[in-house]
Every structure is written in structure tokens, then in C-alpha cells.
Amino acid sequence: ARSLRRSKTGTIGVIISDITNPFFADLVRGIEGAIQAIDPSLNIILSNTDEDATKERLYIDVLMEKRVDGI
């Protein structure tokens with residue numbers, strides 16, 4: 001209810017193509033560190049698409065339904 005009233009969820013969505021790739025693992029750690037440095041109360045929802053366009057579209061739809069503050 002609070003997030004509806006404030007129009008903010010305090011959540012950022014991150015979609016990556018392959019979490020097993022060390023580049024993306026490091027990237028996600030960097031994103032997490034940067035977000036926590038800005039505001040420790042922010043949350044991250046991480047989605048891994050396995051380079052599948054259908055999964056990517058699904059995760060975008062889910063994150064938009066959750067009304068994340070950014071993707």
C-alpha cells in the first residue's frame with residue numbers, strides 16, 4: 001500500500017542473458033554495489049534469460065507488473 005501511495009517500489013529490475021558468464025556475474029555485483037551505495041533500502045530483482053527472447057519478454061512483463069522503479 002505504501003508503494004502505491006508514494007508511486008515508488010524501491011525495487012530495480014536487472015535482466016541479464018547468462019548469469020554463468022563471469023562478465024555478467026561481475027556486472028550484477030557492480031550494479032548491486034552501486035545501488036546499495038545510493039540507497040541501502042533499495043532492492044534488486046535479478047532475471048536470467050538464458051539468451052531466450054521469450055523469457056526476456058516474460059521478465060520484462062513481470063517487472064512491469066511489479067511496478068519496479070527501473071529496469
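User: Which residues does Ser47 touch, not counting residues up to four places away in sequence?

Analyst: In this predicted model, Ser47 touches Val14, Ile15, Ile16, Tyr59 and Leu63, once residues up to four places away in sequence are set aside. Ser47 itself belongs to strand S2, which covers residues 43-48.

User: Why is Ser47 called buried?

Analyst: A residue counts as buried when its relative accessible area is under 20%, and Ser47 has a relative accessibility of 7%, so Ser47 is placed among the buried residues. Of the 71 residues of the protein, 21% count as buried.

User: What makes the pair Asp50 and Lys55 a salt bridge?

Analyst: The term requires a side-chain nitrogen of Lys or Arg within 4 Å of a carboxyl oxygen of Asp or Glu. The side chains of Asp50 and Lys55 meet at 2.7 Å, N to O, and the pair therefore satisfies that cut-off. In general terms, side chains of opposite charge can pair when their charged atoms come close.

User: How do you know whether Asp50 and Lys55 are buried or exposed?

Analyst: Buried means under 20% and exposed means over 50%, with partly exposed in between. Asp50 has a relative accessible area of 46%, so Asp50 is partly exposed, and Lys55, at 26% relative accessibility, is likewise counted as partly exposed.

User: How many salt bridges does the structure hold, and where do Asp61 and Arg57 lie?

Analyst: The structure holds 2 salt bridges, and one of them joins the side chains of Asp61 and Arg57 at 2.7 Å, N to O. Both Asp61 and Arg57 lie in helix H3, where they are 4 residues apart, which is about one turn of the helix. Because partly exposed stands for values between 20% and 50%, the label fits Asp61 at 33% relative accessibility and also Arg57 at 45%.

User: What is the pattern of the protein along the sequence, and which elements have the lowest and the highest mean pLDDT?

Analyst: Read along the sequence, the protein follows the pattern α-β-α-β-α, with 3 helices and 2 strands. Among these elements, helix H1 (residues 2-6) has the lowest mean pLDDT, 54, whereas helix H3 (residues 53-65) has the highest, 97. For the protein as a whole, the mean pLDDT is 91, and 92% of the residues reach 70 or more.

User: What share of the contacts with a separation of 6 or more comes from residues 24 or more positions apart?

Analyst: Residues 24 or more positions apart account for 65% of the contacts in the protein that have a separation of 6 or more.

Definitions and conventions. Residues are numbered from 1 along each chain as its sequence is written. This is a predicted model: local features need pLDDT of at least 70, side-chain atom pairs count only at pLDDT 80 or more; totals for chains, interfaces and linings use all residues. Side-chain values use heavy atoms; hydrogens and water are left out. Buried means under 20% relative accessible area, exposed over 50%, partly exposed in between (1.4 Å probe, protein chains only). Contact means heavy atoms within 4.5 Å. pLDDT is the predictor's confidence in each residue, from 0 to 100.
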